[in-house]
Amino acid sequence: MKRITFIILTLILCASVVGAQDVKPGIVSVGSYLINWAANGEDTDFEGFTVGGTYAFSSSMAVRGGFYSTENETLELIEINGLEAQFLLGSNLNAEGFKIYGLGGFFRETPKVGSIESDVDYSGAMIGGGLGYNWKSVALDFSLAWRQNDDYMDEDNDAKSDDPDIDMMSGSLSIGLRF
């Protein structure tokens with residue numbers, strides 16, 4: 001009987017310690033999204049929104065996926081819509097407090113001019129990092145990522161020059177609900 005009482009009390013104590021840490025592995029978020037396309041000395045920005053979700057397997061490992069829709073800041077007729085999937089390695093990804101992480105992943109996007117969707121899809125790898133803060137039920141995240149530019153270079157090489165110089169970056173600022 002003492003052994004059973006000891007086990008029950010130990011389980012209750014362990015459950016209260018885990019509950020006190022307020023571990024919430026899931027986040028559903030919305031935010032702003034920016035793609036910067038620097039080609040041959042000219043910067044082109046695409047600004048818009050993102051909707052996504054994150055699941056933390058532990059305080060140091062998580063996966064994140066999202067949809068984004070952006071439009072060119074000067075020619076609103078040009079849009080880029082896409083999907084991305086990321087793997088995050090960092091610190092404090094599922095508990096309250098500050099968090100910091102590195103990320104690696106993939107993106108796939110389709111440009112659109114007016115109502116005409118392009119036949120070309122851009123896709124590739126991305127690597128970057130981010131930081132944020134988790135409150136009890138709310139998460140705030142800021143992340144930046146460098147994007148593989150092979151598809152963009154092929155397109156730019158066909159259209160502009162024999163020696164394209166393209167740098168691709170993306171960034172997001174999002175707020176989410178933790179669960």
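This is a short talk on one predicted protein model, going from its overall layout to a few single residues.

Let me start with confidence, as the model is a prediction. The mean pLDDT of the protein is 86, and 81% of its residues reach 70 or more. The weak part to note is residues 13–20, where the pLDDT is below 50. Beyond near neighbours in sequence, that stretch has one contact in the model. Where pLDDT is low, the predicted coordinates should not be read in detail. I will leave that stretch there.

Now the layout. The protein has two helices and nine strands. Read from the N terminus, the order is α-β-β-β-β-β-β-β-β-α-β. There are 179 residues, and 36% of them count as buried. The exposed surface comes to about 10,400 Å², and carbon and sulfur atoms supply 64% of that. If you take the contacts with a separation of 6 or more, 57% are between residues 24 or more positions apart.

Next, how the strands pair. Strand β5, residues 97–113, pairs with strand β7, residues 122–134. The pairing is antiparallel and has 13 bridges. To find it on the screen, look for glutamate 109, which stands opposite tyrosine 122 in β7. β7 then pairs with β8, again in the antiparallel sense, over nine bridges. How many residues lie between β7 and β8 in their hairpin? Three. Asparagine 134 stands opposite alanine 139 in β8.

β8, residues 138–147, is also joined to β9 by 10 bridges, and these two strands run antiparallel. Here arginine 147 stands opposite methionine 168 in β9. β9 covers residues 166–178, and 13 bridges join it to β1, once more antiparallel. In that pair, tyrosine 33 has serine 172 of β9 as its bridge partner. You can therefore step from β5 to β7, then to β8, then to β9 and on to β1, using antiparallel pairs.

On to the core. In soluble globular proteins, nonpolar side chains tend to be buried together. In this model the largest nonpolar core has 19 residues. Those with the most contacts inside it are Ile35, Trp37, Tyr68, Leu88 and Leu93. At least two residues each come from β1, β2, β3, β4, β5, β7 and β9. Which strand gives the most to this core? β1, with four residues.

Leucine 93 is worth a look. Leaving out residues up to four places away in sequence, its contacts include Ala56, Met61, Leu88, Ile100, Tyr101 and Asn134. Asparagine 92 sits in the loop between β4 and β5. Asparagine 92 has a positive phi of about 65°, although it is not a glycine.

Three single residues remain. Is asparagine 36, in strand β1, buried or exposed? Asparagine 36 counts as buried because its relative accessibility is 19%, and the cut-off for buried is under 20%. The side chain of asparagine 36 makes a polar contact with the side chain of aspartate 45, at 2.5 Å. Asparagine 36 also touches Asp43, Thr44, Asp167, Met168 and Met169, among residues further than four places away in sequence.

Aspartate 141, in β8, has a relative accessibility of 8%, so aspartate 141 counts as buried too. Its side chain makes two polar contacts that I want to show: one with the side chain of lysine 99, at 3.0 Å, and one with the side chain of tyrosine 101, at 3.0 Å. Beyond its neighbours within four places in sequence, other contacts of aspartate 141 include Arg64, Leu131, Ser172 and Leu173.

The last one is leucine 83, in strand β4. Why does leucine 83 count as exposed? Because its relative accessible area is 53%, and exposed means over 50%. Leucine 83 still has contacts: apart from neighbours within four places in sequence, they are Gly66, Phe67, Tyr68, Phe106, Phe107 and Arg108. Its C-alpha atom is separated by 9.1 Å from that of serine 69, which is 14 residues apart from leucine 83 along the chain.

That is the end of the talk.

How values were computed
Residues are numbered from 1 along each chain as its sequence is written. This is a predicted model: local features need pLDDT of at least 70, side-chain atom pairs count only at pLDDT 80 or more; totals for chains, interfaces and linings use all residues. Side-chain values use heavy atoms; hydrogens and water are left out. Buried means under 20% relative accessible area, exposed over 50%, partly exposed in between (1.4 Å probe, protein chains only). A polar contact is a pair of N or O atoms within 3.5 Å; within protein, one must be able to donate a hydrogen and the other to accept it, and residues adjacent in sequence count only if both atoms are side-chain atoms. Contact means heavy atoms within 4.5 Å. Accessible areas come from the Shrake-Rupley method with a 1.4 Å probe; for residues, only the protein chains shown count as cover. A nonpolar core is a set of buried Ala, Val, Leu, Ile, Met, Phe, Trp, Tyr and Cys residues joined through side-chain atoms within 4.5 Å. pLDDT is the predictor's confidence in each residue, from 0 to 100.
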